[in-house]
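Let's take a walk through this model, starting with its aromatic rings and ending at its ligand. Keep the 3D view open as you read.

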Amino acid sequence: MADTASKRPTVLVTRRLPDAVHARLARDYDARLNPEDKLYTKDALIAAAQDVDAIMPCHTEHFTEEVFAKLPERVKIIANFSVGYDHVDVEAAKKHGVIVTNTPEVLSDATAETTILLMLGAARRASEGERLVRSGGWKDWSPAFMVGLGVTGKRLGILGMGRVGQTVADLARAFRMEIHYHNRTRLSPDKEKGAVWHDTLDDMLPHCDFLSLHCNVTAETRGIMNAARFALLPDGAVLANAARGAVIDDDALVDALKSGKLFAAGIDAYNNEPNVDKRLIALDNTFLLPHIGSANRETRDAMGFRALDNLDAYFAGGTPGDRVA
Ligand code: 8YV
């Protein structure tokens, strides 16, 4: 965008973003950056947004009906630095005439890599082993020591076969895994690549030695992995969640981990982040990461550029490519 400095739109950027993204923001916008990366409270966010045209937030800021009602009319677009947008009440956004965009595609590889890490880490007891070494508690070795589960050749069930789910399936095929999936609609054969489609989640679960969650949070998927659904898994299954904590009922998850219904769980996204349920922390059979699914350098740059592409399109008078509301 080439425009005079005085006419440049003002953008509130809620978190510290990569240098290359800051550079592009500084070139094209009157950017209100947050180099210290201090988390905005709700009130501070509303106050900071009073004289801006756009906001570029992360999933750490919540845009509820109350927040939308307190934003000035001048704020016309929320260009998220995230693919997930469950932190934004899209109905409220529509009601208040605010456009919302996300950053799909650019983080599919990173999130799929993390998913494989979660599956391997959980199945091979990586967290337990690492803690043993670091604590100085590793004293001996025997064939019975730290025995986990193999991944190769097992059945993997994927809930939500969008871009991330499909990329996970591609990587899992390198482990010769048999791919099952449940999605609202069946994929075309070129995307399905021989994976077995189940028209209900309940139908798929008994086939999942490994289960990986990749669905959005909606009224339908909130708490979808509840006690009844965990019960449908084969005994000793492994769960991976790099999507959102809200798709899991934590009480049911803890029970399944304690009873052995689940051999282990690898988790990157939680209910009530960053306050992880203490019961999950206390268990040996959890492999826990702090929501770093897309946290690699290349992906962070790409997410920022994608969010900026959406802003650029809007302020050039067009429709942003990744509009979700
Ligand atoms: C992001 C994510 O790092 O994009 C998403 O939906 O969950 C993460 O990978 C985060 O949301 C950035 O705001």
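## Rings, a cavity and a ligand

Phe145 has a relative accessibility of 28%, so this residue counts as partly exposed. Bear in mind that everything here comes from a predicted model. Trp138 is also in the partly exposed class, because its relative accessibility is 47%.

How many aromatic pairs does a search of the whole structure find? The search turns up 4 of them. One is made by Trp138 and Phe145: the ring centres sit 6.5 Å apart and the planes meet at just 5°, so this pair is stacked. Planes under 30 degrees apart earn that label, while those over 60 degrees count as edge-to-face. Tyr314 and Phe315 fall in the edge-to-face group, because their planes are at 80°, with the centres 4.9 Å apart.

As for exposure, Tyr314 comes out at 21% relative accessibility, so it counts as partly exposed. The cut-off for buried is under 20%. Phe315 is partly exposed too, with a relative accessible area of 25%. Tyr314 and Phe315 also belong to one aromatic cluster together with Tyr29.

Now for the empty space. The count comes to 1 cavity of 30 Å³ or more, and the largest cavity has a volume of about 40 Å³. Among the residues lining this cavity are Asn241, Asp250, Tyr270 and Asn271, along with Ile248, Leu253, Ile267 and Leu280. Sorted by class, the lining has 6 nonpolar, 3 polar and 1 charged residues.

On to the ligand. Which residues surround it? The shell consists of Cys58, His59, Phe81, Ser82, Val83, Gly84, Leu107, Arg244, His291, Ser294, Arg300 and Met303. By class, that makes 5 nonpolar, 5 polar and 2 charged residues. Three members of the shell have an N or O atom facing a ligand oxygen at these distances:

| Residue | Atom on the protein side | Distance to a ligand oxygen |
|---|---|---|
| Gly84 | backbone N or O | 2.7 Å |
| Arg244 | polar side-chain atom | 2.7 Å |
| His291 | polar side-chain atom | 2.8 Å |

How much of the ligand's area does the protein bury? Taken alone, the ligand exposes 330 Å², and the protein buries 92% of that.

Key. Residues numbered from 1 in each chain as written. Predicted model: local features only at pLDDT ≥ 70, side-chain atom pairs only at ≥ 80, totals over all residues. Heavy atoms only, no water. Phe/Tyr/Trp six-rings, centres within 6.5 Å; stacked < 30°, edge-to-face > 60°. Buried < 20%, exposed > 50% of the residue type's maximum accessible area, 1.4 Å probe, protein only. 1 Å grid on protein atoms, 1.4 Å probe; cavity = no way out; pocket = protein on both sides within 12 Å on 5 of 7 lines; lining within 4 Å. Points joined across faces, edges and corners; volume = space filled by probe spheres on them. Nonpolar A, V, L, I, M, F, W, Y, C, P; charged D, E, K, R; others polar. Near = heavy atom within 4 Å. Polar contact = N/O pair within 3.5 Å; in protein donor to acceptor, adjacent residues only side chain to side chain. Areas by Shrake-Rupley, 256 points an atom, 1.4 Å probe, with all protein chains shown as cover.
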